[in-house]
Amino acid sequence: MRLVRRILIYRCGALGDTIVALPAINAIRRQFPNAYVVLMTANEGTEKVCADAVLHDFGTIDAFLTYQRRDLWDPWRLRRLLARFLAQRIDLAVHLGSDQNSTLRRWRDRLCFRFAGIRRFVGCRSRKATFFGPLKRDRVTYPSEVMRMLQEIRRQGIGDGAVRFDLPIAPRHVARIDAVLSEAGVDGSRPLVGLCPGSKQAAKRWPLDRYREIGRRLIEDGGANVLIVGGGEEAAAGRLIGERWRAGPWVNLAERLDWLASAEALRRCTLYVGNDTGAMHIAAAVGTRCLGVFAARDVVGAWYPFGENHTVIRKNVACQNCFLSACTREHLRCLTDISVDEVWTACRRMLTYR
């Protein structure tokens with residue numbers, strides 16, 4: 001690829017969306033070590049950990065161009081956004097769009113970049129989307145988001161396909177976890193299990209009473225220390241499900257840590273158990289085995305934890321691939337069909353063969 005001095009990477013989403021894009025973003029930086037890299041992303045102010053916050057400490061991004069979706073509909077806001085955009089003087093745009101971005105949307109974005117004077121464009125396609133929108137197909141396994149983006153940019157001359165997350169966990173994050181676990185009196189002889197009982201999307205949440213029972217069995221029968229991880233929602237859920245657990249072998253870390261300290265906590269875990277969330281993708285990125293309790297709202301494979309030796313429990317139901325954020329049809333049948341015994345059997349197997 002010809003000399004590139006200034007690059008724009010477009011990627012929207014919260015914590016999990018950003019984690020799975022890290023290998024592609026790192027590949028772009030390795031390909032262009034001296035380029036000035038700008039990340040363009042939406043930040044609605046409602047997410048505590050958006051892409052700009054996640055990537056702030058990496059050193060791979062030189063500047064952040066954030067916007068809100070209402071900026072695209074307000075003429076004055078749009079004018080200011082375009083002025084900021086044009087001021088970047090970008091040579092190359094790399095569109096790491098969602099796996100649900102339709103071909104039509106990708107071409108729309110390409111025209112916008114072209115209008116802004118960007119002549120070179122690398123765009124990620126998805127087999128999961130049609131020309132107009134998401135494809136709903138039964139029993140088809142899709143490549144992970146990690147590999148979809150890596151393979152697409154490699155096909156267009158960027159990177160070698162190597163998967164590198166390279167999370168910038170610093171000594172301060174290690175010290176923070178040392179202090180928190182010591183203060184909680186966590187027994188170092190027992191395996192650590194990370195547990196995330198929440199999700200920002202209601203359609204992904206396995207019932208809390210089942211997490212309560214899984215946590216109890218992990219502590220009493222599995223001999224584990226349970227670390228509840230996540231944000232404010234998980235903190236509240238942790239207090240609810242942990243009220244009947246035996247004191248000592250568990251600690252609620254949710255909302256007490258920044259995301260990199262949470263990554264260090266999950267790195268020390270033997271196992272992650274939880275819903276399809278950002279915490280699960282962090283656990284996979286630091287090499288921790290994951291047991292993902294998956295709704296059937298999305299297609300098979302795309303958002304599974306990346307890597308080997310993970311276990312995903314998902315039920316095929318008639319209403320699968322609905323893409324709903326909240327189940328309005330079948331009362332979360334795809335999740336309520338997953339029993340405590342099924343998840344516990346997988347937990348016990350993964351703790352035994354670690």
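**Sheets, a pocket and two cavities**

Helix α4 gives the most to the lining of the second largest pocket, with six residues. Before I go on, some ground rules. This is a predicted model, where local features need pLDDT of at least 70 and side-chain atom pairs count only at pLDDT 80 or more, while totals for chains, interfaces and linings use all residues. Residues are numbered from 1 along each chain as its sequence is written, and side-chain values use heavy atoms, with hydrogens and water left out.

Now the terms. Helices (H or I, at least four residues) and strands (E, at least two) are DSSP runs, numbered from the N terminus. A pocket is found on a 1 Å grid over the protein atoms alone: it is an open set of points with protein on both sides within 12 Å along at least five of seven lines. A cavity is a set of points where a 1.4 Å probe fits but cannot get out. Lining residues have an atom within 4 Å of a point.

Back to that pocket. The second largest pocket has a volume of about 450 Å³; a volume is the space filled by probe spheres set on the grid points, which are joined across faces, edges and corners. Its lining has 17 residues, and Tyr67, Leu72, Arg108, Asp109 and Cys112 lie nearest the centre. Both α3 (75–87) and α4 (103–115) supply at least two residues each. By class, the lining has 13 nonpolar, no polar and four charged residues. Here Ala, Val, Leu, Ile, Met, Phe, Trp, Tyr, Cys and Pro count as nonpolar, Asp, Glu, Lys and Arg as charged, and the others, Gly among them, as polar.

Next, the open sheet. In what order do its five strands stand? The order is β3-β2-β1-β4-β5, and the pairing is parallel. Two strands pair if DSSP finds at least two bridges between them. The edge strands are β3 (63–67) and β5 (120–123), each pairing on one side only. Strand β4 (residues 92–95) pairs with β5 over four bridges, in the parallel sense. There, His95 stands opposite Gly123.

Look at β5 itself. Arg120 and Val122 point one way, Phe121 and Gly123 the other. Are these residues buried or exposed? All are buried, meaning under 20% relative accessible area with a 1.4 Å probe and protein chains only; exposed is over 50%, and partly exposed is in between.

Move along the chain to β10 (residues 289–294). Five of its six residues are buried. Strand β9 (residues 271–275) runs parallel to β10, joined by five bridges. Leu271 faces Arg289 across that pair. Strand β11 (residues 311–314) also runs parallel to β10, with four bridges. Phe294 has Arg314 in β11 as its bridge partner.

Finally, the cavities. How many of 30 Å³ or more does the structure hold? Two. The largest has a volume of about 120 Å³. It is lined by 14 residues, and the closest to its centre are Cys319, Cys322, Leu324, Cys327 and Cys334. That lining divides into nine nonpolar, one polar and four charged residues.

The second largest cavity has a volume of about 80 Å³. Phe294 and Arg314, the bridge partners from before, are among its lining residues. So are Lys204, Asp276 and Trp303. By class, there are five nonpolar, no polar and five charged residues.
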